[in-house]
Amino acid sequence: MTVVISLFNQAGGVGKSTLTQNLGYHLSLRHHKVLLVDIDPQASLSTFMGLEPADLEKTIYDALVSEQDEPLPLHRDLHGMDLAPANILLANAEQELIFAELREFRLKEVLAPLLDNYDFILIDCPPSLGILTQISLVASTHVLVPIQCQFKALKGTDSLLKTVARVQRKLNRPLKFAGFFPTMYSASNSLDQRTLQSISEQLSNLAPVFPPLPRATAVAEAAEYGKPLALCPNKHPAILRLFDEIAIFLEEMT
Ligand SMILES: Nc1ncnc2c1ncn2[C@@H]1O[C@H](COP(=O)(O)OP(=O)(O)OP(=O)(O)O)[C@@H](O)[C@H]1O
Ligand SMILES: [Mg+2]
């Protein structure tokens with residue numbers, strides 16, 4: 001069965017797109033067939049993968065709003081993965097899907113014909129609780145939540161958990177948490193240490209809390225480079241090992 005994972009947190013800049021790209025890459029290194037789905041109008045994931053979103057003729061937007069079952073436009077074999085890119089036009093989908101029939105199931109329908117082709121589909125959600133996030137959670141088997149190790153980190157988790165619970169109750173009963181991934185961690189910062197401890201205390205009863213992803217210039221540089229960290233000149237061995245470890249966890253999760 002294909003594992004479909006939404007990387008979700010309505011907080012912005014917590015590492016959703018970074019993790020979608022890099023966990024996808026490390027799964028592909030382990031010989032899994034991987035599709036990355038960019039469902040954020042900001043299109044960071046498409047940019048991180050080396051595309052220029054403004055130049056794209058077709059994106060996920062076209063498939064989502066099509067009334068003729070237009071297939072999801074894919075860019076194949078980008079660093080060993082396939083990508084369904086987005087661009088700013090996707091912002092219109094929020095409005096256009098309002099009146100669509102069974103709109104909550106739109107992404108699930110669009111992905112259905114592709115399931116046989118992939119072992120893992122990773123969906124990079126936008127930083128919101130709107131319809132694009134909702135349709136991603138409905139299309140997923142799992143949700144992975146990056147949480148920034150920052151003072152306010154746990155503030156938004158209530159609405160995040162409520163959103164997932166509502167989707168589980170009404171639209172996608174089997175949806176499970178894959179885990180919580182603390183990000184942007186500075187081991188030398190005592191505030192980050194305390195936040196990490198609170199994250200573990202408050203969330204580990206719901207799902208595994210992964211070891212924290214350190215804040216590191218190499219990660220931000222890789223995004224600008226348009227490649228997964230592992231393919232960049234300035235590697236960070238400890239972070240690459242962590243990505244491998246999480247990829248193995250995801251592989252063994254099902
Ligand atoms: N561990 C890290 N260390 C340093 N910089 C990082 C790290 N992880 C991500 N970044 C950088 O921080 C920024 C935000 O990361 P990213 O785009 O992955 O977050 P996001 O949750 O997808 O954001 P948004 O909510 O806007 O979609 C990016 O510039 C990224 O390169
Ligand atoms: Mg993002």
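**Exercise 1. In which sense do β2 and β4 pair, and over how many bridges?**

Step 1. Strand β2 covers residues 34-38 and strand β4 covers residues 81-84. Strands here are DSSP runs of E with at least two residues, helices are runs of H or I with at least four, and both are numbered from the N terminus.

Step 2. β2 and β4 pair in the parallel sense, over three bridges. Two strands count as paired if DSSP finds at least two bridges between them.

Step 3. Check the register. L35 stands opposite D82 in β4. L36 stands opposite L83 in β4.

Some bookkeeping applies to every exercise. The model is predicted, so local features need pLDDT of at least 70 and side-chain atom pairs count only at pLDDT 80 or more, while totals for chains, interfaces and linings use all residues. Residues are numbered from 1 along each chain as its sequence is written, and chains are lettered from A and ligands numbered from 1 in the order in which they are written.

**Exercise 2. Which way do the residues of β4 point, and are they buried or exposed?**

Step 1. M81 and L83 point one way from β4. D82 and A84 point the other way.

Step 2. Apply the burial rule. A residue is buried if 20 or more other C-beta atoms lie within 10 Å of its own, exposed if 12 or fewer, and partly exposed in between, with C-beta atoms placed from the backbone. M81, D82, L83 and A84 are all buried.

**Exercise 3. Work out how β3 and β4 are joined, and locate the positive phi values.**

Step 1. β3 and β4 pair in the antiparallel sense, over two bridges. H75 stands opposite L83 in β4.

Step 2. The hairpin of β3 and β4 has two residues between the strands. H79 in this hairpin takes a positive phi near 50 degrees.

Step 3. Look inside strand β3, where D77 lies. Phi of D77 is near 55 degrees, a positive value in a residue other than glycine. D77 is exposed, because 10 other C-beta atoms lie within 10 Å.

Step 4. Go back to the loop between α3 (60-65) and β3, which holds D69. D69 has a positive phi near 50 degrees and is not glycine. With 9 other C-beta atoms within 10 Å, D69 is exposed.

**Exercise 4. What is the strand order of the sheet?**

Step 1. The sheet is open and has seven strands, in the order β3-β4-β2-β5-β1-β6-β7. Its pairing is mixed.

Step 2. Find the edges. β3 (75-78) and β7 (176-183) each have a single partner strand, so one side of each is left without a neighbour in the sheet.

Step 3. Add the geometry. The twist averages 25 degrees from one strand to the next. Axes are lines fitted to C-alpha atoms, for helices over the stretch in contact, and angles run from 0 to 180 degrees between N-to-C directions.

Step 4. Place α1. This helix packs on the sheet and touches β1, β2, β4, β5, β6 and β7. The direction of α1 makes about 170 degrees with that of β5. Contact requires C-beta atoms, placed from the backbone, within 7 Å.

**Exercise 5. Why is helix α6 described as largely enclosed?**

Step 1. Count the buried residues. α6 (residues 131-139) has eight of its nine residues buried, so the rest of the structure largely encloses it.

Step 2. Name them: I131, L132, T133, Q134, I135, S136, L137 and A139.

Step 3. Find the cover. It includes β1 (3-7), α4 (91-96), α5 (106-111), β5 (120-124), β6 (142-148) and α7 (157-170).

Step 4. Set the direction. α6 lies across β1, β5 and β6 and runs at about 155 degrees to β1.

**Exercise 6. How many residues surround ligand 1?**

Step 1. The shell has 19 residues, and the closest are K16, S17, T18, P127 and A223. A residue is near a molecule if its C-beta atom, placed from the backbone, lies within 6 Å of it.

Step 2. α1 (16-29) and α9 (217-225) each supply at least two shell residues.

Step 3. Sort the shell: eight nonpolar, eight polar and three charged. Nonpolar means Ala, Val, Leu, Ile, Met, Phe, Trp, Tyr, Cys and Pro; charged means Asp, Glu, Lys and Arg; the others, Gly among them, are polar.

**Exercise 7. Describe the whole chain.**

Step 1. The chain has ten helices and seven strands. Buried residues make up 45% of its 254 residues.

Step 2. Residues 24 or more positions apart account for 78% of the contacts with a separation of 6 or more.

How values were computed. Two residues are in contact if their C-beta atoms, placed from the backbone, lie within 7 Å.
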